[in-house]
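Here are a few exercises to work through with the model open beside you. Try each task before reading its solution.

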Amino acid sequence: MPLSSLTSLSLPPMGCGTWAWGNRLLWGYNPAMDDELQRVFNACVARGVTLFDSGDSYGTGRLKGRSETLLGQFASAYAGPNQDQICLATKLAAYPWRITRRSVRQAGAASAQRLGRPIDLAQMHWSTANYAPWQEGPFLEGLMDLYEQGQIKGIGLSNFGPKRLKLAHQRFQARGIPILTLQVQYSLLSTYPIVDLGLKDLCDDLGIRLMAYSPLALGLLTGKYSAEGPFPPGLRGGLFRQLLPKIQPLQQTLGDIAAQRQKTSAQVALNWCMAKGTIPIPGAKSLAQAEQNLGALGWMLDAGEIDALDQASRRSEKSMVQNIFQSR
């Protein structure tokens, strides 16, 4: 059920980023999870959610790119509805040692080998504008080399602001290659990329699809947590203690709309992202989480509900901290 086709790549209306948990592969990954993750993958594809987002930095060290490896294995093993629409996306990290086109080509080849197939959508994981702007040019040229060599089907970017996106677009135009997607941190608690940077309008003008990562704000928008606790462990718990007391109007509005719609707060938050014209990439480690995400499909918030959520978002006294790599 793709909304559009750009070159040979079809993008579905919502990505289910089972591998969007990133570093959790380092902190909590257990091989016993593999069967459950395969069930998550199967359920998503069968229901028409066919875009899966990974990264070559998801599973480093001893895990050796485990995220991409699993994703490739799951796609290869799947046989069912929408099999031919599976879109495997990955992000190539802008590590300090990836400073040449050749190093990017090598990174893309390594990711394709772990996936066991050509990469459908290869993305630059973050803009280097905030600390090494000179690195972006060779990195982007390396991505375009991979495209021209047929090793990837499409190219996307991540954490690029309007200034850097325009510069990148000019570089791509010079070689006649489109930029298909841009990932930004976007949710009811992180409206900065669209409200402040104006990236949605710019992407629309340039023919780029906007993808929203962390659309549930690390779980703050699921309705699972309250200002009184209990809180998740570690740094995430500390963040929740700071934010939850300050976002009560938003949580209340989410809960009210969810009750009226007979949906969950998470489903309403994801549907709001889609209503704003973005492709949200929620994480799912279990079949139950995947089923909840899938409940955001097949319906749409009305204009009054969207306005109420927008106003509640603006009234929140706190918002999510922005990714340090988000450029201007």
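**Exercise 1. Find how much space lies in the second largest pocket, and work out what lines it.**

Step 1. The second largest pocket holds about 330 Å³ of space. A pocket here is an open set of points on a 1 Å grid over the protein atoms alone, where a 1.4 Å probe fits, with protein on both sides within 12 Å along at least five of seven lines. Points are joined across faces, edges and corners, and the volume is the space filled by probe spheres set on them.

Step 2. Now the lining, meaning residues with an atom within 4 Å of a point. There are 20 such residues, and L188, T191, Y192, V195 and S313 are the closest to the centre of this pocket.

Step 3. Look for the helices: α7 (192-195) and α13 (303-315) each give the lining at least two residues. Helices (H or I, at least four residues) and strands (E, at least two) are DSSP runs, numbered from the N terminus.

Step 4. Sort the lining by class and you get 8 nonpolar, 6 polar and 6 charged residues. Nonpolar covers Ala, Val, Leu, Ile, Met, Phe, Trp, Tyr, Cys and Pro; charged covers Asp, Glu, Lys and Arg; the others, Gly among them, are polar.

A word on the ground rules: this is a predicted model, where local features need pLDDT of at least 70 and side-chain atom pairs count only at pLDDT 80 or more, while totals for chains, interfaces and linings use all residues. Residues are numbered from 1 along each chain as its sequence is written, and side-chain values use heavy atoms, with hydrogens and water left out.

**Exercise 2. Place strand β4 (residues 87-92) in its surroundings.**

Step 1. Check burial, where buried means under 20% relative accessible area, exposed over 50%, and partly exposed in between (1.4 Å probe, protein chains only). In β4, 6 of the 6 residues are buried, so the strand is largely enclosed by the rest of the structure.

Step 2. Take the faces in turn: C87, A89 and K91 are buried on one side, and L88, T90 and L92 are buried on the other.

Step 3. Find the partners, counting strands as paired if DSSP finds at least two bridges between them. Strand β3 (residues 51-53) runs parallel to β4, joined by 3 bridges. Strand β5 (residues 121-124) is also parallel to β4, over 4 bridges. A89 is a handy landmark: D53 stands opposite A89, and L121 is the bridge partner of A89 in β5.

Step 4. Follow the chain: β4, helix α4 (residues 101-115) and β5 form a right-handed β-α-β unit. Right-handed means that, with the strands pointing away from the viewer, the path from the first strand over the helix to the second runs clockwise.

**Exercise 3. Which residues does I86 contact, leaving aside its neighbours within four places in sequence?**

Step 1. I86 sits in the loop between α3 and β4, and its relative accessible area of 7% makes it buried.

Step 2. Contact means heavy atoms within 4.5 Å. On that basis I86 touches F41, V45, T50, A75, Y78, R117 and D120.

**Exercise 4. What is the phi of N82, and where is this residue placed?**

Step 1. Most residues other than glycine have a negative phi. N82 is not a glycine, yet its phi is positive, about 70 degrees.

Step 2. N82 lies in the loop between α3 (66-77) and β4, and is partly exposed at 22% relative accessibility.
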